Amino acid sequence: MGRIPLACSSGPGAAAGQPSRGQTTCEGAPDTSTAAGQPSLGGATASPARWDDSIWLDVSTGTGEMAELLSRLTNPNTTVLATDFSLPMLRKAALKKNVRTRKILLAVADDGLLPLRDDSLDLVTISLGTRNLNTTRSALVSCFAEFHRVLKPGGWFVNLETSQPRSRAVRALFHGYVRAFLKPVASAISGNRSAYSYLARTICSFNGPEELAAIIREAGFTRVEVTKLFLGVAAIHEARK
Ligand SMILES: C[S@@+](CC[C@H](N)C(=O)[O-])C[C@H]1O[C@@H](n2cnc3c(N)ncnc32)[C@H](O)[C@@H]1O
C-alpha cells in the first residue's frame with residue numbers, strides 16, 4: 001500500500017503524513033493508520049503489479065468522474081487521491097462508488113497549493129479543469145509547477161482539456177457551435193447564464209495544443225506529448241517529470 005503524503009486537518013480517519021505546506025480536510029477517507037504508524041488505504045490486499053504502492057492524484061476532480069475511472073484502472077495497492085477546492089463538488093464526488101468503498105480518498109485542496117510532499121506521487125491528472133486555472137499564463141505555469149513539485153522524478157502528468165483545432169474552418173465551426181448553440185441551450189436548461197457564458201468564453205479563448213505544451217514545459221516537465229481528439233476540439237497532454 002502506498003504511503004499517503006497528505007495531511008488532513010479534520011475529517012474521519014484523517015490521513016497521516018507530513019505535508020510540505022497547505023492545509024486540507026478529507027471526506028470519505030478511511031482510517032489510514034496501520035500498526036506501524038504508516039498510512040495505508042483500508043481494505044486493500046497485497047498484489048504484485050506494476051503500480052504497486054503508487055499514488056495517483058486527480059486534481060480539480062469536481063464530481064470525481066476521472067478519479068472513479070482511474071480507480072478502476074488500478075490494482076488494490078494503488079492509492080487514488082482526488083482534490084478540489086469546492087466542498088459542494090466533493091460532496092457529489094463522495095457519492096461515487098469507489099469513494100464509498102474507500103478506493104478513492106477525497107480532500108479539499110487548491111491546485112496552486114497542494115498539501116502534499118515534494119516527489120511523492122506517481123501520476124497527476126486533470127480533466128476539463130485547466131481552463132479554470134488559466135486566468136493568466138503565469139498562473140497556469142505556477143499551477144503546473146505545483147503538480148511537478150509533488151510528482152516523483154519520472155512521474156506522469158496527464159491533462160485533458162478542450163483545445164483549438166488547427167484548421168480555421170473547423171475552429172470557426174467549433175466556436176460557432178459553442179457560442180450559438182451550447183451557451184444559449186445550456187443556459188436555458190440549467191438556468192445558469194453566467195456559468196455557460198464563462199464556459200463559452202474560456203473554450204473559445206483557451207490555448208492551442210502547442211501553446212499548452214510550451215506552458216507545461218515552462219513548468220519544468222519534459223517529454224510532452226499531445227494527442228488531439230475530435231479534430232482538435234480537445235487534446236490530451238502527457239508529460240514526465
Ligand atoms: C469543469 S469542472 C471539471 C471536473 C472534473 N475534473 C471532470 O472532468 O468532470 C472544474 C473543477 O475545477 C475545480 N477548480 C477550479 N479551480 C480550482 C483550483 N484552483 N483548485 C482546485 N479546484 C479547482 C472546480 O471547483 C470544479 O470542480
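Leaving aside its neighbours within four places in sequence, which residues is G112 in contact with? In this predicted model, the partners turn out to be S142, C143 and E146. G112 itself sits in the loop that runs between β4 (104-108) and β5 (121-127). There are 17 C-beta neighbours inside 10 Å of G112, so this glycine counts as partly exposed, the label for anything between the 12 or fewer of an exposed residue and the 20 or more of a buried one. Another residue to look at from here is L133: G112 and L133 are 21 residues apart in sequence, yet their C-alpha atoms are 8.8 Å apart in space.

Next comes the ligand. A shell of 18 residues surrounds the ligand, and the ones that come nearest are S60, G62, F85, S86 and D111. Two helices, α1 (65-73) and α4 (130-133), each chip in with at least two residues of that shell. As for its make-up, the shell breaks down into nine polar residues, five nonpolar and four charged.

Then there is a pair of helices to look at. Helix α5 (residues 137-150) packs with helix α8 (residues 209-218) at an angle of about 55°, and their axes are 8 Å apart. That angle falls outside the ranges for roughly parallel, roughly perpendicular and roughly antiparallel, so α5 and α8 count as oblique to each other. Their crossing is right-handed. On the α5 side, the contact is made by R137, L140, V141 and F144, while α8 brings I215, I216 and E218. Sorted by type, the residues of this contact are five nonpolar and two charged, with no polar ones.

Methods: Residues numbered from 1 in each chain as written. Predicted model: local features only at pLDDT ≥ 70, side-chain atom pairs only at ≥ 80, totals over all residues. Axes fitted to C-alpha atoms, helices over the stretch in contact; angles between N-to-C directions. Helix = DSSP H or I, 4+ residues; strand = E, 2+ residues; numbered from the N terminus. Parallel < 35°, antiparallel > 145°, perpendicular 65-115°, else oblique. Left-handed = near helix turned anticlockwise from the far one by under 90°. Contact = placed C-beta atoms within 7 Å. Nonpolar A, V, L, I, M, F, W, Y, C, P; charged D, E, K, R; others polar. Near = placed C-beta within 6 Å.
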